[in-house]
Each structure stands twice: as structure tokens, then as C-alpha cells.
Amino acid sequence: MPSTPSSARLVVVIGTGGTIAGAASRPGAHLGYQAGALPAQALVDAVPALAGRPLETHSLAQLDSCDMDHATWVALAQAVTAHLARPEVAGVVVTHGTDTLEETATFLHRTVAATKPVVLTAAMRPATAPSPDGPQNLLDAVTLAATPGACGVLLAFGGAVYAGTEARKVHGYRVEAFSGGDAGALALWQDGRLRPLRDWPAVDGAEAAALAVPVADWPVVDVVTSHAGARGAVVQALAAAGARGLVIAGTGNGSVHRELLAAARAAQAAGVTVWRASRCVAGGVVDSGAADALPIAPDAADATPAQARVRLMLALATGA
Ligand code: SIN
């Protein structure tokens, strides 16, 4: 496993917005705040334990992550790649909104060879809350990014470390908002010390070539949810609107309503790539082996539908 030179101590913190950088106009509010209001340096300044640590901060975006876009992903992946290449840098922290964090983590995993740690972190309570969770998460993320031997795209959140591609948001309000799915956490924090449970994730970056493709040329990939009364017309409309790929968020173990399935097969025959994921929060899709089953994201059967969309888009963008 690649290791970080012992002289590398600097941690680069890149802010992209989110609740961790959120500010509420009403003191004490947990909701009704503006996400991404504060720059990265303000988040660092709010953590006394980070004073004196070798840190560099950059504000790349100040987004509510529900508005995350492909151009920001490219700028982020390029910035992370450039900082990782600096010999003095031990690792990179990305502060992000929780809502699309699992998608950004998947994008970075596939486009950045993270031989040093790339640690995403976030918060469920705005920075102005009476007891925000962001400062501890940021402290954990910086500590993890400076941990010798750590690598891969990671999430530091709520006292745990997750592999970025396994992370998923599972609660809309509570501070225990993330899970690692069936794989669970990679490591836990215990009294400021990291307790590893599994190996660091494999370093990927296999689809870095997508960063050189203008985002306007990226293939359109949409997610369609299967549900009672699902209509094939949704698939037809998306294909007619230019979708080159579709991820069906199937029920249970990836089953698809017969109306949707018929439309998906017709779209496949017309050249649209269709993958299946599960709308269940864990478990993914287990391949039944049936010859006519819709495909599953290769090597990522546990991916959430949103993560599978990122993988399919990158696969199509790079011609994989
Ligand atoms: C966001 O995703 O930017 C807002 C919600 C959050 O960070 O928890």
C-alpha cells in the first residue's frame, strides 16, 4: 500500500459549502439556515484544537450540496489531485454538504488516485447551532488526513470513518446521519485515537480521463425509481430528452416494475445503457445470474442509485 512520506505534514482543507458551513439568522436554529455561508477558514478558526496545526484552507464553492454540479466536481477533483501531488501535503480534507456527499465521494474515488487520504466531512447542524457537530467532525477529518499510511477517499463523520464509496446518508435530521451499509465503518474514533476495523480502501482514480472531457459533453444519465404503479413513459421521456444512461432504483434486491422493465428493455435496444441498483438503504443488488436481468454497476453492487449514476456517467464519458 502506498505510504505518505514522513516529512509530509500539511493538511489542505477545501471548502465546498454544506451545513457544516451553514449560518442561521435565528440563534439556536437547527433548520432554516443558509448552507455554505461560511468560508473554509472560518470553519478551521472555530476549532481551537486545530490552532497551530499545519493547515492550508481554500474555499472552492459555498454550495448547498443539493445544488452540486458536474463543473464543481471537476474543479474539486483537479484541486485535490494537484494538492496530493505536493510533497509537503499529507492529505486533503473536503468540507461538504451531507445531501450529495456520497455522490461526490464516488466521483473523487473514480477520478483521483488517492494515494494519500482524501477525507470528506460534513455536519448535520449549522455552524451557528448551540452544539454544532461540524467542529468535531472537522477535527477528526484533519487528524485522519494527517495519519501516516492512510489512503483512499474517506468520510469522517460522527465518530466513525467510512470508505467514501460505501458511505450513504441514512437520516435526514439526526447527527448519526451516515452509514457504511453492510460493510460498516472502516475505523472508529476512541478518545481522539483511531481504532481501525478494516484496511484502507483500494486507491482507484481509473476514470481520471473524464476530467479532460468538457462537462457539456458528458453523457446524460438519470435515475428512475421503481414503485407501485410505475410508468414506462418516464423511461421513454428521458430517452427522448437525450439520456444515454439510466439507473433504475429498483425495489428490494433490484426488482423492477414490469411496466418500467419493458420500457427499460426497449431503451436498451435503442442504445441507452441501463443499470439497476436498489432503493433499499443497504443490501444492494445480488446478481441472480438470470441472462436477461438488467446489469448492475460493475464491482459496486452495493452502490446507492445516486452513486451508481456517477459510475455509469463516468463509464460512458470515458468509453469504458
Ligand atoms: C447540504 O447538503 O449542503 C445541506 C445539508 C447538509 O449539509 O446537511
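A residue is called buried here when its relative accessible area is under 20%, and exposed when that value is over 50%; partly exposed covers what falls in between. With that in hand, helix α7 makes a good starting point in this predicted model. Its buried residues are P305, Q307, A308, R309, V310, R311, L312, M313, L314, A315, L316 and A317. That comes to 12 of the 13 residues of α7, so this helix is largely enclosed by the rest of the structure.

Helix α7 runs over residues 305-317 and spans 18 Å from its first C-alpha to its last, close to the 18 Å expected at 1.5 Å a residue. What do the buried residues of α7 pack against? Two of the partners are helices, α2 (70-84) and α3, and the rest are strands: β9 (168-169), β13 (220-225), β14 (243-250) and β15 (273-278). After α7 comes G319, with a positive phi near 75°.

Helix α3 tells a similar story. Here 11 of the 11 residues are buried, so α3, too, is largely enclosed by the rest of the structure. The buried set reads L101, E102, E103, T104, A105, T106, F107, L108, H109, R110 and T111, and charged residues such as E102, E103 and R110 are part of it. The cover over these residues includes helices α2 and α7, along with strands β6 (117-121), β7 (152-157), β9 and β10 (178-179).

One residue of α3 shows what this packing looks like close up. T106 sits in this helix, which covers residues 101-111. Is T106 buried or exposed? Its relative accessibility is 1%, and because the cut-off for buried is under 20%, T106 counts as buried. Leaving out residues up to four places away in sequence, T106 touches T165, Q307, V310 and R311. Q307, V310 and R311 are themselves among the buried residues of α7, so the contacts of T106 give a residue-by-residue look at how α3 covers α7 and the other way round.The strands offer buried residues as well. G15 belongs to strand β1 (residues 10-17) and, at 4% relative accessibility, counts as buried. Not counting residues up to four places away in sequence, G15 is in touch with A40, H58, S59, L60, A61 and T95. A77 lies 62 residues from G15 in sequence, and the two C-alpha atoms are 13 Å apart in space. In strand β5 (residues 89-95) there is V89, which counts as buried at 0% relative accessibility. V89 and V12 are 77 residues apart in sequence, yet their C-alpha atoms are 7.1 Å apart.

Some loop residues look quite unlike these. D191 is in the loop between β11 (187-190) and β12 (193-196), and its relative accessibility of 80% makes it exposed. Although D191 is not a glycine, its phi is positive, at about 50°. Where does D299 lie? This residue is found in the loop between β15 and α7. D299 is exposed, at 83% relative accessibility, and has a positive phi near 60° without being a glycine.

The loop between β15 and α7 also holds D302. At 35% relative accessibility, D302 counts as partly exposed. Its contacts, leaving aside neighbours within four places in sequence, are R168, G283 and G284. V234 is 68 residues from D302 along the chain, and 25 Å separates their C-alpha atoms.

Now for the whole chain. It contains 7 helices and 15 strands. The radius of gyration is 20 Å, close to the 20 Å that the globule rule gives for 320 residues, so the chain is as compact as a globular protein of that length. Along the principal axes, the C-alpha atoms fill a box of roughly 60 × 45 × 35 Å. Of the 320 residues, 50% count as buried. Among contacts between residues at least 6 apart in sequence, 72% join residues at least 24 apart.

As for the surface, the chain exposes about 13,300 Å², and carbon and sulfur atoms supply 53% of that area. The chain carries 21 positive and 25 negative side chains, with the centres of the two sets 3 Å apart.

Notes: Residues are numbered from 1 along each chain as its sequence is written. This is a predicted model: local features need pLDDT of at least 70, side-chain atom pairs count only at pLDDT 80 or more; totals for chains, interfaces and linings use all residues. Side-chain values use heavy atoms; hydrogens and water are left out. Helices (H or I, at least four residues) and strands (E, at least two) are DSSP runs, numbered from the N terminus. The radius of gyration is taken over C-alpha atoms; the globule rule is 2.2 Å times the number of residues to the power 0.38. Buried means under 20% relative accessible area, exposed over 50%, partly exposed in between (1.4 Å probe, protein chains only). Contact means heavy atoms within 4.5 Å. Accessible areas come from the Shrake-Rupley method with a 1.4 Å probe; for residues, only the protein chains shown count as cover. Lys and Arg count as positive and Asp and Glu as negative; His and the chain ends are not counted. The place of a charge is taken as NZ of Lys, CZ of Arg, CG of Asp or CD of Glu. The expected span of a helix is 1.5 Å times one less than its number of residues.
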